[in-house]
Amino acid sequence: MSASIFETIPDKTLFKFIKMVMEEVDFETLESSQNYELQEGVETIESTLGIRGNDSSLDCDYIYNVWKLNEDLFEEDRLTNNLYRPTYKQVAFDWAVWETQWVKSTHRHEIETYSTDKDDMLNYVYGMRNDGNLNWYDGEEIDSEVTESETTDDSIDDNSFTIL
């Protein structure tokens, strides 16, 4: 991932760009940089000016955070001070997923028998299983394969965010 294209734009030009987006979007009502209205507003003004970044999510995040750092400056019609700019950073976080999985697992068993015929051995094992003397989990798991899964819930751990 690379930094936003808007990092390279001079303050006055960036100020004018954000003011144009503010005519399309009410920044005061935005909950985050990923609101659909902001993305649409940025894309509209980008198209008008012929600007296009590599990552629209990151560009919207940059625009939103420049606005948040400089809310008082954007109350004016023209730029009266230098813009405070956010710094680019990578962040790691944990995302837990709860799944129901259908797993085929193979367990190896070793038993004692006097039988040499395969059918007799199979009947012996079935008899032990039916009597409760042998269970699949008594053996050593030698292979497992998830054949299907269904996500039942997920959660982003808000305590796990770490700036890299």
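This is a walk through a predicted model, stop by stop, with a suggestion for what to select at each one.

**Start with the whole chain**

Show the cartoon and colour by secondary structure. You should be able to pick out four helices and four strands, and following the chain from its start gives the order α-α-α-β-β-α-β-β. The radius of gyration is 30 Å, well over the 15 Å that the globule rule gives for 164 residues, so the protein is more spread out than a compact globule. Turn the view onto the principal axes and the C-alpha atoms fit a box of roughly 95 × 30 × 25 Å.

Now switch on a surface. About 12,200 Å² is exposed, with carbon and sulfur atoms supplying 45% of that area. Of the 164 residues, 24% count as buried. Colour by charge next: there are 12 positive side chains against 38 negative ones, and the centres of the two sets sit 10 Å apart. One more thing before zooming in: among contacts with a separation of 6 or more, 74% are between residues 24 or more positions apart.

**Select Phe6 and Phe17**

How many aromatic pairs does a search of the whole structure find? It turns up seven. Phe6 and Phe17 make one of them, a tilted pair with 4.7 Å from centre to centre and 40 degrees between the planes. This pair links distant parts of the chain: Phe6 belongs to the segment before helix H1 (11-24), while Phe17 is in helix H1, 11 residues away.

Are these two rings buried or exposed? Phe6 has 0% relative accessibility, so it counts as buried. Phe17 is buried too, at a relative accessible area of 3%.

**Add Glu46**

Keep both Phe residues on screen and select Glu46, which is in helix H2 (residues 36-49). This glutamate has a relative accessible area of 2%, and since the cut-off for buried is under 20%, Glu46 is buried. What is Glu46 in contact with, once neighbours within four places in sequence are left aside? The list is Phe6, Phe17, Ile51, Arg52, Gly53 and Asp59. So show those six as sticks and you have the aromatic pair from the last stop in the same picture.

**Select Phe27, Tyr64 and Trp67**

Here is another aromatic stop: ring pairs link Phe27, Tyr64 and Trp67 into a cluster.

**Along the loop after helix H3**

Glu71 is in the loop between helix H3 (56-69) and strand E1 (91-92). Its relative accessibility is 33%, so Glu71 counts as partly exposed. Draw a distance from the C-alpha of Glu71 to that of Trp102: the two are 31 residues apart in sequence and 52 Å apart in space.

Stay in the loop between H3 and E1 and move to Thr87. With a relative accessible area of 58%, Thr87 is exposed. Try another C-alpha distance here, from Thr87 to Val66: 21 residues along the chain, 9.9 Å in space.

**Select Phe93 and Trp95**

Phe93 and Trp95 form a further tilted pair, 6.3 Å from centre to centre with 35 degrees between the planes. Phe93 counts as partly exposed at 37% relative accessibility, and Trp95 does as well at 48%.

**Select Met128**

Met128 is in helix H4 (residues 118-131). What does Met128 touch, not counting residues up to four places away in sequence? It touches Ile111, Asn133 and Leu134. Its relative accessibility is 19%, and the cut-off for buried is under 20%, so Met128 counts as buried.

**Finish at Glu141**

The last stop is Glu141, in strand E3 (residues 140-156). Which residues does Glu141 touch, apart from those up to four places away in sequence? Select Ser105, Thr106 and His107 to see them. Glu141 is partly exposed, with a relative accessible area of 44%. To close the tour, draw a line from the C-alpha of Glu141 to that of Glu7: these residues are 134 apart along the chain, and the line comes out at 54 Å.

Methods
Residues numbered from 1 in each chain as written. Predicted model: local features only at pLDDT ≥ 70, side-chain atom pairs only at ≥ 80, totals over all residues. Heavy atoms only, no water. Helix = DSSP H or I, 4+ residues; strand = E, 2+ residues; numbered from the N terminus. Rg over C-alpha atoms; globule rule 2.2 N^0.38 Å. Buried < 20%, exposed > 50% of the residue type's maximum accessible area, 1.4 Å probe, protein only. Contact = heavy atoms within 4.5 Å. Areas by Shrake-Rupley, 256 points an atom, 1.4 Å probe, with all protein chains shown as cover. Lys, Arg positive; Asp, Glu negative; His and termini not counted. Charge placed at Lys NZ, Arg CZ, Asp CG, Glu CD. Phe/Tyr/Trp six-rings, centres within 6.5 Å; stacked < 30°, edge-to-face > 60°.
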